[in-house]
Amino acid sequence: MMHLCPQEIEHRIDIGPRNVSMSSFLHILEALNLDKKHLDEYARKYHRMLLDASRKLSAFHINTERMRKHEAVIINEYDDGLVYADEDHCISLVNKEAARILQMEKEYIVNKKIHDVMAEFEKLSVILEEDDDSPKSASIYDIHGKKTVVTRIHVSGDTVNSYIYTLRGIDSIQKLEKEVRTKLAEKGYVTKYSFSNIWTKNRKMKKVIEMARGFAATEKNILIMAQTGMGKELFAHAIHQASPVRKGPFVAVNFAGIPDNLVESELFGYEEGAFTGAKKGGKKGLFEQARGGTLFLDEIGDAPLHVQSTLLRVLQEKEVLRVGGTSIIPVAVRIIAATNKDIAQAIKEKKFREDLFYRLNTFPIDIPPLQTHKEDILYILTRYLKTRYGISKRISSSAEQCLLSHDWPGNVRELINVAEYVFHASQGARQILPDHLPEVVLASETKVFQRSESLLDSSFTQISDTLMRNGLPTEMIGQLLKIIKRREGKLCGRNSLQKQLSKEQWILSEGKMKKTLKLLKEAEVILVGRTKQGTCITAKGKKYLQYISDLSSG
Ligand SMILES: Nc1ncnc2c1ncn2[C@@H]1O[C@H](COP(=O)(O)OP(=O)(O)OP(=O)(O)O)[C@@H](O)[C@H]1O
Ligand SMILES: [Mg+2]
């Protein structure tokens with residue numbers, strides 16, 4: 001622009017581009033004696049520019065105002081308490097929730113120094129003493145008797161340097177977490193157990209657990225076989241949690257619980273209009289929902305045959321076709337199947353597809369029934385009482401006897417129910433007695449006792465009757481069994497028995513001796529070798545001998 005300046009002006013200052021008002025412009029034209037014929041045109045341009053700028057400014061102003069209102073609503077309605085302080089720690093903004101938590105009027109807080117407000121809560125001042133430059137710090141404080149998480153965020157940049165405090169009651173955090181967990185749990189998408197929840201003292205069980213842990217690390221299919229209540233579900237959860245897909249969903253489907261006609265649509269999903277009552281937009285099947293995680297096929301032995309065929313195809317192809325759909329959906333899912341049925345038998349009866357069994361059975365886990373590891377009965381019972389109720393009581397030997405002689409058809413599930421019963425029944429008692437056990441456990445103990453005693457009793461009278469009918473007196477039989485028993489460990493031949501018996505004044509012909517031994521053998525009182533190996537007494541024989549002695553002495 002300097003070139004426009006008239007030559008006669010010697011002293012020039014370059015002020016750079018600058019807005020010039022209309023009146024200054026006129027003065028300049030006048031002072032320089034320049035042509036004013038274009039003035040109107042310049043004036044119009046100038047006005048248009050002004051109008052335009054003012055319109056933009058007003059739109060900008062409306063927008064900013066709207067944003068400020070939105071911001072105020074968002075900040076005010078935000079679930080957490082928010083306090084905003086500038087670099088001098090002066091509070092410029094506070095929302096409804098923060099005022100509620102602090103139990104102070106907003107007007108009282110704004111423009112106060114944060115220290116003055118927070119310092120009213122003795123321990124809260126600790127957060128203020130922390131290093132000003134740390135970007136984020138959080139601690140739990142007691143505010144009006146409620147545990148509250150207070151977080152301070154330091155926002156610093158070229159143009160800002162401020163502090164945002166968030167305040168949130170711990171109970172609301174716990175409630176929120178619970179809501180999320182319940183929602184996931186309702187869908188069955190979270191695992192509840194890990195391997196540490198499987199309790200055992202038994203060597204064989206420990207081996208099974210180690211094996212399962214090893215299988216978990218792979219992505220191969222697993223088949224868990226066990227009687228009811230032996231922890232199939234527990235193992236499935238634990239395997240998922242120890243597997244590479246632990247971060248993915250855990251989806252369980254129980255074939256015993258879904259009506260046959262719904263299994264397919266539940267597993268594979270359906271397209272809109274696939275059948276009457278089909279949801280609008282269709283529905284994802286469980287395979288799709290388990291994508292990137294584990295699908296637990298519980299009670300697989302109950303899966304109908306037509307579903308078994310589709311399952312086999314899905315496992316082979318790793319893709320599903322929704323009911324009524326045409327497009328194939330790929331699904332990468334880890335399968336854990338479980339059953340309490342005898343699958344081998346089901347295959348024989350053509351109720352379970354053999355090819356599906358082999359597909360699922362890449363890694364089999366066979367959990368032995370509780371009856372075969374009785375040491376776990378007392379161990380799980382005491383451990384349950386300790387972890388669930390924090391009590392450790394001695395179990396009296398008679399109660400122990402009852403627990404050990406029970407059959408536990410419901411396995412660990414039944415045992416845990418008994419533990420619950422014991423906890424309530426034994427309150428106030430120092431040790432667990434048979435009185436504190438449920439009827440079913442006591443009944444089985446007396447049943448075993450009575451059954452064995454009475455069974456033996458009646459079978460012993462029968463043996464004596466048969467022998468008597470064959471002309472063999474009980475007294476003589478008693479002598480004979482004593483001789484056989486005395487030679488325990490060594491088998492005695494018929495001749496030798498005959499000789500020794502004669503010493504006791506019982507003379508038997510060879511034929512009679514043969515018959516006696518045959519009858520005793522049939523009564524399972526003795527074992528007789530096929531050739532000349534001889535004879536020995538059985539456990540039942542020893543009891544029968546005791547029975548005879550008791551009879552003669554009593
Ligand atoms: N070894 C164990 N240690 C601790 N708890 C166990 C053990 N085994 C089973 N349980 C518990 O017993 C109960 C039954 O276990 P789970 O439901 O896994 O059995 P299941 O084999 O799936 O039974 P069902 O065939 O009846 O479905 C659960 O409460 C589980 O936590
Ligand atoms: Mg189960």
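**Group meeting: a walk through the sheet, the cores and the salt bridges**

Okay, let's start at one small spot: Ala429 sits in the loop between α17 and β16 (431-432). Before I go on, please keep in mind that this is a predicted model. So what does Ala429 touch, leaving out residues up to four places away in sequence? The answer is Lys393 and His436. Lys393 is 36 residues away from Ala429 along the chain, and the C-alpha atoms of the two are 8.7 Å apart.

Now to the sheet. We have an open sheet of five strands here, and the order is β7-β10-β13-β6-β14, with parallel pairing. Which strands are at the edges? Those are β7 (250-254) and β14 (363-367), each of them pairing on one side only. Going from one strand to the next, the twist averages 15 degrees.

Let me go through some of the pairings. β10 and β13 run parallel and are joined by four bridges. If you want a place to look, find Leu297, which stands opposite Ala337 in β13. On to β6 and β13: that pair is also parallel, over four bridges, and there Ile222 stands opposite Ile336 in β13. Then β6 to β14, again parallel, with five bridges. Ile222 turns up here too, opposite Phe363 in β14.

Let's stay with β6 for a moment. How many of its five residues are buried? Five of the five, so to speak a mostly covered strand. Both faces of β6 are covered: on one side you have Ile222, Ile224 and Ala226, on the other Leu223 and Met225, and all of these are buried.

That takes us to the nonpolar cores. The largest one has 44 residues. Which members touch the most others? They are Ile224, Phe235, Ile239, Ile365, Ile367, Leu403 and Trp408. As for the elements behind this core, those giving two or more residues are α8 (203-216), β6 (222-226), α9 (232-241), β13, β14, α15 (375-389), α16 (397-405) and α17 (411-425). In domain terms, the core draws at least three residues from domain 3 (195-368) and at least three from domain 4 (371-437).

Take Ile365 out of that list and look at its neighbours. Not counting residues up to four places away in sequence, Ile365 touches Val208, Ala212, Phe215, Ile222, Leu223, Ile224, Met225, Phe235 and Ile239. There's also a second, separate core, with 35 residues, and among its members are Leu223, Ile347, Phe352 and Leu356. So Leu223, on one face of β6, belongs to that second core, while Ile224, on the other face, is in the largest one.

Last topic: charges. As a reminder, side chains of opposite charge can pair when their charged atoms come close. The count for this model is 14 salt bridges. I'll pick a few.

First up, Asp302 and Lys341: their side chains meet with 2.3 Å from N to O. What does this pair link? Distant parts of the chain, 39 residues apart: Asp302 is in the loop between β10 (294-298) and α12 (305-317), and Lys341 is in the loop between β13 (334-339) and α13 (343-348). Asp302 has a relative accessibility of 28%, so it counts as partly exposed. Lys341 is partly exposed as well, at 40%.

Next, Asp355 and Arg353, a salt bridge whose closest N and O atoms are 2.7 Å apart. Buried or partly exposed, what would you say for Asp355? At 34% relative accessibility, Asp355 is partly exposed, and Arg353, at 27%, is also partly exposed.

Then there's Glu524 with Lys540, at 3.7 Å from N to O. This pair, too, links distant parts of the chain, 16 residues apart: Glu524 in the loop between α21 (510-522) and β17 (526-528), and Lys540 in helix α22 (residues 539-553). Why does Glu524 count as exposed? Because its relative accessibility is 52%, and the cut-off for exposed is over 50%. Lys540, at 24%, is partly exposed.

And one to finish that isn't a simple pair: Glu271, Glu288 and Arg322 are linked in a network of salt bridges. That's my tour, over to you.

How values were computed:
Residues are numbered from 1 along each chain as its sequence is written. Chains are lettered from A and ligands numbered from 1 in the order in which they are written. This is a predicted model: local features need pLDDT of at least 70, side-chain atom pairs count only at pLDDT 80 or more; totals for chains, interfaces and linings use all residues. Side-chain values use heavy atoms; hydrogens and water are left out. A salt bridge is a side-chain nitrogen of Lys or Arg within 4 Å of a carboxyl oxygen of Asp or Glu. Buried means under 20% relative accessible area, exposed over 50%, partly exposed in between (1.4 Å probe, protein chains only). Two strands pair if DSSP finds at least two bridges between them. Axes are lines fitted to C-alpha atoms, for helices over the stretch in contact, and angles run from 0 to 180 degrees between N-to-C directions. A nonpolar core is a set of buried Ala, Val, Leu, Ile, Met, Phe, Trp, Tyr and Cys residues joined through side-chain atoms within 4.5 Å. Domain bounds come from an automatic or database domain assignment. Contact means heavy atoms within 4.5 Å.
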